Structures are given as C-alpha cells and as structure tokens.
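Reader: Could you take me through a protein model? I am in my first year, so plain sentences would help.
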Amino acid sequence: NLHLTDATTAECVKLMENTFRDVNIALANEFDLVLQEYGVDSFEAIKLANKHPRVNILSPGPGVGGHCIAVDPCFLSENNENAKLINLARKINDERPSIVADRVIKKTKKYGKKVGVLGVAYKKNIDDCRETPALDIINRLIAEGLEVRCHDPFVKNWTHEMFHYEDIEAW
C-alpha cells in the first residue's frame with residue numbers, strides 16, 4: 001500500500017516506528033530489573049503475561065543497537081522537553097550493556113574467567129555490528145581481566161577474537 005503525505009510527516013512516521021520499538025524494549029528491560037528484585041524469572045513471567053490476547057511484551061536483552069532504533073528516538077527528543085518517556089527509554093536501554101556485563105562478571109566469580117559471547121551483531125541473523133551493545137559488554141569484560149572470545153556465524157570481521165562454535169569445548 002502507498003500512503004501519500006508530506007516529507008516531514010513521512011520522516012516522523014519512520015522515527016515514531018523506531019521509537020515505539022525502543023520504548024517497548026526499554027519496558028522489557030525494566031521489567032527484567034524490577035522482577036529480579038522479587039527473585040522472579042523475567043523470561044518466564046513475560047512468557048506467561050504474553051498469553052493475554054492484547055499483551056506482547058518483548059524479551060529483555062543486552063541493549064539496543066543498529067543504525068535506527070538506537071539513534072532515531074534522539075531525532076524526536078533532542079531539545080524537546082515533552083519527550084520524557086522517549087528520553088527515559090533511551091537511558092534505560094543505554095544502561096543495559098553495563099547491567100549485562102555486571103551480571104556476567106558476577107557469574108565468572110563462580111564459574112571461571114573465560115567468557116564466550118555468542119552473537120555480536122545488533123540483532124540475530126545479520127552481519128551488521130553498528131551500535132551493537134556487544135562491543136560495550138565485551139570491552140567491559142576484558143577490562144575486568146576476563147578472557148573473552150566471540151562467535152557469530154554471520155559476522156566475518158570483528159574487533160575481538162572470534163572462534164568457531166565447534167571449537168568451544170577445546171577452549
């Protein structure tokens with residue numbers, strides 16, 4: 001379908017679509033933090049909540065990457081005092097790599113100093129690493145003295161050591 005409008009409205013539509021995704025990702029990430037305080041598995045709770053016919057909560061994750069969702073909300077919210085929710089969602093998602101890194105670091109105290117990162121692109125099944133939260137997580141883990149190797153079958157060139165999934169046991 002083709003919908004006719006002016007150029008400014010068309011651009012706003014694109015920005016709104018990506019901002020909608022960013023806000024919903026932030027909600028899932030916030031649910032993860034809130035439910036952790038209650039000792040509740042956020043993935044299980046979200047799965048059950050999504051059984052409601054009008055609910056579709058996304059899964060929490062390591063943050064937001066890519067050239068659209070991580071960037072487009074800023075075009076709507078910059079210098080706009082009315083964009084409170086948009087700015088808060090950006091803050092929540094921007095903090096997420098640090099939260100994930102903290103969780104991994106805590107686990108390494110029990111399980112050892114080797115960390116395998118499975119997937120470095122900003123979303124699954126692509127080779128695009130623009131604005132990927134994986135980079136912040138990996139850099140933080142390395143700064144903590146952990147040995148990090150990465151695997152992503154779609155990414156051919158990466159700034160950190162890559163391994164083949166089949167070689168994980170030998171490592």
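Author: The conversation below goes from the overall layout to single residues. Please keep in mind that this is a predicted model.

Reader: Understood. How many helices and strands does the protein have?
Author: The secondary structure comes to five helices and two strands. Starting at the N terminus, the order of the elements is α-α-α-α-β-α-β.

Reader: And what does the C-alpha trace span along its principal axes?
Author: The C-alpha trace spans about 60 × 40 × 35 Å. The protein has 171 residues, and buried residues make up 36% of them.

Reader: What about the area that the protein exposes?
Author: The protein exposes about 11700 Å², and carbon and sulfur atoms supply 55% of that area.

Reader: Let us turn to the strands. How do E1 and E2 run?
Author: Strand E1 covers residues 114–118 and strand E2 covers residues 147–151. The two run parallel and are joined by five bridges. Lys 114 stands opposite Glu 147 of E2.

Reader: Which helix makes a unit with them?
Author: Helix H5, residues 133–143, makes a right-handed β-α-β unit together with E1 and E2.

Reader: Back to E1, please. Which side chains point to which face?
Author: Val 115 and Val 117 point to one face and are buried. Lys 114, Gly 116 and Leu 118 point to the other face and are not buried. In a regular strand, side chains alternate between the two faces of the sheet.

Reader: New topic: what is notable about phi in Asn 125?
Author: Asn 125 has a phi near 65°, which is a positive value in a residue other than glycine. Asn 125 is placed in the loop between E1 and H5.

Reader: Which other residue in that loop has a positive phi?
Author: Glu 131 is one: its phi is about 55°, although it is not a glycine. Glu 131 also lies in the loop between E1 and H5.

Reader: Are Asn 125 and Glu 131 buried or exposed?
Author: Asn 125 counts as exposed because its relative accessibility is 52%, and the cut-off for exposed is over 50%. Glu 131 counts as exposed as well, at 53%.

Reader: One last thing. Which residues make the nonpolar surface patch?
Author: Val 34, Tyr 38 and Val 40 make a nonpolar surface patch of about 300 Å². Val 34 is in helix H1, which covers residues 7–37.

Reader: Why does Val 34 count as partly exposed?
Author: Val 34 has 38% relative accessibility, so it counts as partly exposed. Buried would require under 20%, and exposed over 50%.

Technical notes:
Residues are numbered from 1 along each chain as its sequence is written. This is a predicted model: local features need pLDDT of at least 70, side-chain atom pairs count only at pLDDT 80 or more; totals for chains, interfaces and linings use all residues. Side-chain values use heavy atoms; hydrogens and water are left out. Patches are made of residues with over 30% relative accessible area and no salt bridge: like charges are joined within 9 Å, nonpolar side chains (Val, Leu, Ile, Met, Phe, Trp, Tyr) within 5 Å. Accessible areas come from the Shrake-Rupley method with a 1.4 Å probe; for residues, only the protein chains shown count as cover. A salt bridge is a side-chain nitrogen of Lys or Arg within 4 Å of a carboxyl oxygen of Asp or Glu. Helices (H or I, at least four residues) and strands (E, at least two) are DSSP runs, numbered from the N terminus. Buried means under 20% relative accessible area, exposed over 50%, partly exposed in between (1.4 Å probe, protein chains only). Two strands pair if DSSP finds at least two bridges between them. A crossover is right-handed if, with the strands pointing away from the viewer, the path from the first strand over the helix to the second runs clockwise.
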